[in-house]
Structures are given as structure tokens and as C-alpha cells.
Amino acid sequence: MASTSRDAQDGVEFIHEDDGSVTARDLETGLARGGDTRAEALTALAEVLRLEDGGGEPIDEPDEFLRAEMNIDPDDLTEHDELPEFMQ
């Protein structure tokens with residue numbers, strides 16, 4: 001069974017998963033990312049929060065990005081598959 005601990009000062013909840021991994025969840029935004037350790041999970045969460053806050057570069061050609069960076073053929077997506085929010 002997963003267990004949680006909170007670092008109230010930073011507003012982060014750490015969830016220790018049954019498989020030994022750790023999920024860090026930002027209490028303000030609800031965004032979460034995981035890793036093998038608390039440090040990895042927190043690093044991944046920090047990157048997501050930076051991107052959510054407007055950091056990063058805009059994606060001008062979503063289809064080309066999917067092909068080149070994600071190895072996904074956009075033509076294989078069905079009408080029920082949605083692009084991630086950052087690509088909409």
C-alpha cells in the first residue's frame with residue numbers, strides 16, 4: 001500500500017509507491033511527477049512546474065515534434081486521442 005508524507009514548507013506531497021518509486025505532487029497545482037528517489041521525483045516536478053509557468057519553447061509544428069521527439073506518428077492517433085495540453 002502506498003504511503004504519503006508532506007513537506008508543508010514547500011507544498012509538496014511525496015507518495016511512496018508500492019514498487020519503491022516516489023511521486024512528488026505539488027499541493028497548489030495538483031501536478032505530479034515520479035522517480036526512483038525523492039530527489040528524482042522533485043527534479044521532474046520542478047521541470048513540470050517551470051513549463052506550466054510559461055517556461056520552455058513553443059512548439060510550432062506539433063506533428064513534426066511528435067514524429068521527431070516522441071517517435072509518434074500523428075496519423076496513427078485516433079479521434080479519441082488528444083494532444084497533451086501543452087501542444088493544444
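## A briefing on helix 2, its surroundings and the salt bridges

Methionine 70 counts as partly exposed, at 45% relative accessibility. This residue sits in helix 2 and is a good place to start a tour of this predicted model. Along the sequence the protein runs β-β-β-β-α-α, giving 4 strands and 2 helices in total.

**The protein as a whole**

- Of its 88 residues, 19% are counted as buried.
- The accessible surface amounts to about 6,700 Å², and carbon and sulfur atoms account for 45% of that.
- If we take contacts between residues at least 6 apart in sequence, 8% of them join residues at least 24 apart.

**Helix 2 and the segment after it**

- Methionine 70 joins Ile72 and Leu77 in a nonpolar surface patch of about 240 Å².
- Methionine 70 can be part of this patch because its relative accessibility of 45% is over the 30% that a patch residue needs.
- Glutamate 69 also belongs to helix 2, which spans residues 62-70.
- Glutamate 69 is exposed, with 56% relative accessible area, and contributes to a negative surface patch together with Asp60, Glu61, Asp63, Glu64, Asp73 and Asp76.
- Asparagine 71 follows in the segment after helix 2, where its phi is near 55°, a positive value in a residue other than glycine.
- Asparagine 71 is exposed as well, with a relative accessible area of 73%.

**Salt bridges**

- Side chains of opposite charge can pair when their charged atoms come close.
- The whole structure holds 3 salt bridges.
- One of them pairs arginine 25 with glutamate 13 at 2.9 Å, N to O. It links distant parts of the chain, with arginine 25 in strand 3 (residues 22-26) and glutamate 13 in strand 2 (residues 12-16), 12 residues apart.
- In that pair, glutamate 13 is buried at 8% relative accessibility, whereas arginine 25 is partly exposed at 26%.
- Another salt bridge brings together arginine 50 and glutamate 47, again at 2.9 Å, N to O. Both residues lie in helix 1 (residues 38-52), 3 residues apart, or about one turn of the helix.
- Arginine 50 is partly exposed, with a relative accessible area of 41%, and glutamate 47 is partly exposed too, at 38%.
- Aspartate 75 and arginine 67 also form a salt bridge, at 4.0 Å, N to O.
- Here aspartate 75 is exposed at 64% relative accessibility, while arginine 67 is partly exposed at 37%.

Notes:
Residues are numbered from 1 along each chain as its sequence is written. This is a predicted model: local features need pLDDT of at least 70, side-chain atom pairs count only at pLDDT 80 or more; totals for chains, interfaces and linings use all residues. Side-chain values use heavy atoms; hydrogens and water are left out. Buried means under 20% relative accessible area, exposed over 50%, partly exposed in between (1.4 Å probe, protein chains only). Contact means heavy atoms within 4.5 Å. Accessible areas come from the Shrake-Rupley method with a 1.4 Å probe; for residues, only the protein chains shown count as cover. Patches are made of residues with over 30% relative accessible area and no salt bridge: like charges are joined within 9 Å, nonpolar side chains (Val, Leu, Ile, Met, Phe, Trp, Tyr) within 5 Å. A salt bridge is a side-chain nitrogen of Lys or Arg within 4 Å of a carboxyl oxygen of Asp or Glu. Lys and Arg count as positive and Asp and Glu as negative; His and the chain ends are not counted. The place of a charge is taken as NZ of Lys, CZ of Arg, CG of Asp or CD of Glu.
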